[in-house]
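Biologist: Got a minute to go through this model with me? I'd like to start with the domains.

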There are 2 protein chains.
Amino acid sequence: MNKLHCFKESGNSYKVALALSLAGMEWQKVDVDYFGGETRSAAWRAAVNEQGEVPVLEIDSRKMTQSGAILMYLSEQVPQFALNKEERDEVLRWVLFDNHKFTANLASYRWLRTFASPTPEEAILAFLRGRTEGALAILEKHLEHQSFVVGRRLTVADLSLAGYVFYPEDELGFDFTQDYPSIAAWMSRIAANVGWLPPYELLK
Amino acid sequence: MNKLHCFKESGNSYKVALALSLAGMEWQKVDVDYFGGETRSAAWRAAVNEQGEVPVLEIDSRKMTQSGAILMYLSEQVPQFALNKEERDEVLRWVLFDNHKFTANLASYRWLRTFASPTPEEAILAFLRGRTEGALAILEKHLEHQSFVVGRRLTVADLSLAGYVFYPEDELGFDFTQDYPSIAAWMSRIAANVGWLPPYELLK
């Protein structure tokens, strides 16, 4: 049985859970006590992931980490996510954009405004919000003329970029329907897939 | 002739330039006026890269972007960077760690403290420095018992993680020799490769 080490507030975990769920794969949740400091403990890092992060997916007798690497791996294992060589390069390009620019800023901004204690200074939030808006604008423009991020069907690039957008808008601080209509339409197309659930239901 | 759209202060460009140089491949530099706003202009984004970033590598009649995607591509094209399946998964894992946690913070911190005008508030710099120290600690620990990031020889994972560490210490705000000795030793091993040059010489 595949095991996913995760916690429900982690959109990076949700990316992988969503891929497994859309693929109809069985998996078991292993709860990680992020808020209690588990991922920062030396014991957890030695036993589970030296990079100190979830998700960790136990699959095919291996422990895999980094949602982007896991998603690329699943694109090789799961027929519905299969990519040809050209698609693969393009999907990886968007997975990397997601990791270093999109999720990097959107997730940090959400985290600090919603979960951090004490709430950080306004200057930090404003800085991250500005960066997040820059990344959202690039995705919005990209989706103005296409239904999915790469090609004409859902790929793991969509699942990577969708890791955080389905969390409640009051956590994120963005109203996609109003300000990013192409992103909102793309979210509806993703949510229409069999197996889709919002993060707090899928990872509950 | 391969063309690399870049500017010399961009460590993400340096990652790709270093791979090309170590591989002994010919390439031509295409200067991008980042400081004049070129990557933020609609014209440049439409013509060169909708994601608004360098590096962009013109190779094999394609325009490739995202240093991590380019490095993975080069690992398939260049015999000295070739990876077996297991190594490839692990290299991608570290390239993703680099993109979302290591370079993401180290590069932002360097940028804001050295190049941003006006200099941002101290709270923002302190926030990014803290995140950078967390990422540096993970790499330092990883390199305590191994010479390179994956396996026993240099891979593109090393080149990705090395994108910013060779910039001058007064730009970075870190003294690796004193505070991160395993990273400093790893840097020496990378710098010992034929074709290696520091960023301001390779991208001058």
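Modeller: The centres of domain 1 and domain 2 of chain A, taken over C-alpha atoms, are 19 Å apart. Domain bounds come from an automatic or database domain assignment. This is a predicted model: local features need pLDDT of at least 70, side-chain atom pairs count only at pLDDT 80 or more, and totals for chains, interfaces and linings use all residues. Residues are numbered from 1 along each chain as its sequence is written, and chains are lettered from A and ligands numbered from 1 in the order in which they are written.

Biologist: Which residues go in which domain of chain A?

Modeller: Domain 1 is 2-80 + 198-202, and domain 2 is 83-191.

Biologist: How many residues of domain 1 of chain A are in contact with domain 2?

Modeller: 15 residues of domain 1 are in contact with 15 of domain 2. Contact means C-beta atoms, placed from the backbone, within 7 Å.

Biologist: Switching to the two chains. What rotation superposes chain A on chain B?

Modeller: 180°, with 0.0 Å of shift along the axis and RMSD 0.0 Å. The fit is by least squares on C-alpha atoms of residues with pLDDT of at least 70 in both copies. The two copies are thus related as by a two-fold rotation axis.

Biologist: Which residue of chain A comes closest to that axis?

Modeller: His100(A), at 2.2 Å by its C-alpha.

Biologist: And how many residues of chain A are in contact with chain B?

Modeller: 26 residues of chain A, with 26 of chain B. H4(A) gives the most to chain A's side, 9 residues. Helices (H or I, at least four residues) are DSSP runs, numbered from the N terminus.

Methods: Contact = placed C-beta atoms within 7 Å. Helix = DSSP H or I, 4+ residues; strand = E, 2+ residues; numbered from the N terminus.
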